[in-house]
Amino acid sequence: MPVFFQHQINETTRVGIWKIEEPESYFQRNVPVHRDVTHPHKRLQHLAGRFLLQYLFPDFPYELITIADTRKPFIPDERYHFSISHCGDYAAAIVSSTNRVGIDIEIPVDKLERIRHKFLKPEEEQRFPALQSENHLIFLTQLWSAKEAVFKWYGLGKVDFREHMPLFPGTSPNHLKCEFALSNQAVDIETRDLSGIVLSFTT
Ligand SMILES: CC(C)(COP(=O)(O)OP(=O)(O)OC[C@H]1O[C@@H](n2cnc3c(N)ncnc32)[C@H](O)[C@@H]1OP(=O)(O)O)[C@@H](O)C(=O)NCCC(=O)NCCS
């Protein structure tokens, strides 16, 4: 079954994850415009991400997608805001007709431990006691993925994950808050562990 996860956040915003089981030709039939990607699996991921945009909103205008200098894809007239992520055999997208959005999916891997100090401040380590538990890799991945989602939501690049994106617990286990220093905004992040895939998104 190709759609692994789908969620209508509200009337204007939808999110989905596709488990890629199809050949490139399946996606190419529906995605008329896409950039050249040399590596075959990365190309498949890229196509699946683009495919999801119109899957979520059938009138999504592929032909208007523009790539910023930061490499963020966007629609200039802001008819839709969107964000894409891929990991392994999964592609994810969030699309909104009203809100700036950001999304990230990750498969938890031990090597994240090695860069933990680069994206978390000691204060954040203390704020989230779950990080000290023996079985904390999924939660650590959720914090990383939350910051990647905020990075994409912001879209202008040049963000220091450790200094500019302090995270705070939210109102439920699936909710985090980020006090994003570069624009002085409080950003809400939804984050979930979906049987081995960590998904985070901001709206
Ligand atoms: C751009 C970046 C977010 C991509 O993340 P990734 O995990 O490599 O890849 P993902 O699959 O999650 O996301 C890729 C998609 O993000 C989107 N994207 C690329 N650059 C973007 C940007 N600057 N802003 C928003 N979205 C961007 C694109 O849609 C891309 O997919 P596509 O080219 O197929 O359309 C990442 O490479 C990056 O630069 N992260 C910040 C690095 C950093 O400062 N780290 C600090 C470590 S302590």
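Me: Two residues are in contact if their C-beta atoms, placed from the backbone, lie within 7 Å. In this predicted model, how many residues of domain 1 are in contact with domain 2?

Reply: Happy to say: twelve residues of domain 1 pair up in this way with twelve residues of domain 2. The domain assignment of the protein chain puts domain 1 at 3–99 and domain 2 at 105–202, with 23 Å between their centres, taken over C-alpha atoms.

Me: Which strands make up the side of domain 1 that touches domain 2?

Reply: At least two residues each come from strand 2 (13–19), strand 5 (81–87) and strand 6 (90–96). That side of domain 1 holds seven nonpolar residues, four polar and one charged.

Me: Why is His 46 called near the ligand?

Reply: A residue is near a molecule if its C-beta atom, placed from the backbone, lies within 6 Å of it. His 46 is among the 20 residues that surround the ligand, so its C-beta atom meets that cut-off. The closest residues also include Arg 71, Lys 72, Ser 85 and Lys 152.

Me: Nice. What makes strand 5 stand out in the shell around the ligand?

Reply: Strand 5 gives the largest share, four residues. Helix 2 (40–56), helix 3 (112–119) and helix 5 (137–154) are also among the elements that give two or more.

Me: How do you know that both domains take part in the shell around the ligand?

Reply: Domain 1 and domain 2 each provide at least three of its residues. By class, the shell has six nonpolar, eight polar and six charged residues.

Note on methods
Residues are numbered from 1 along each chain as its sequence is written. This is a predicted model: local features need pLDDT of at least 70, side-chain atom pairs count only at pLDDT 80 or more; totals for chains, interfaces and linings use all residues. Domain bounds come from an automatic or database domain assignment. Ala, Val, Leu, Ile, Met, Phe, Trp, Tyr, Cys and Pro count as nonpolar, Asp, Glu, Lys and Arg as charged, and the others, Gly among them, as polar.
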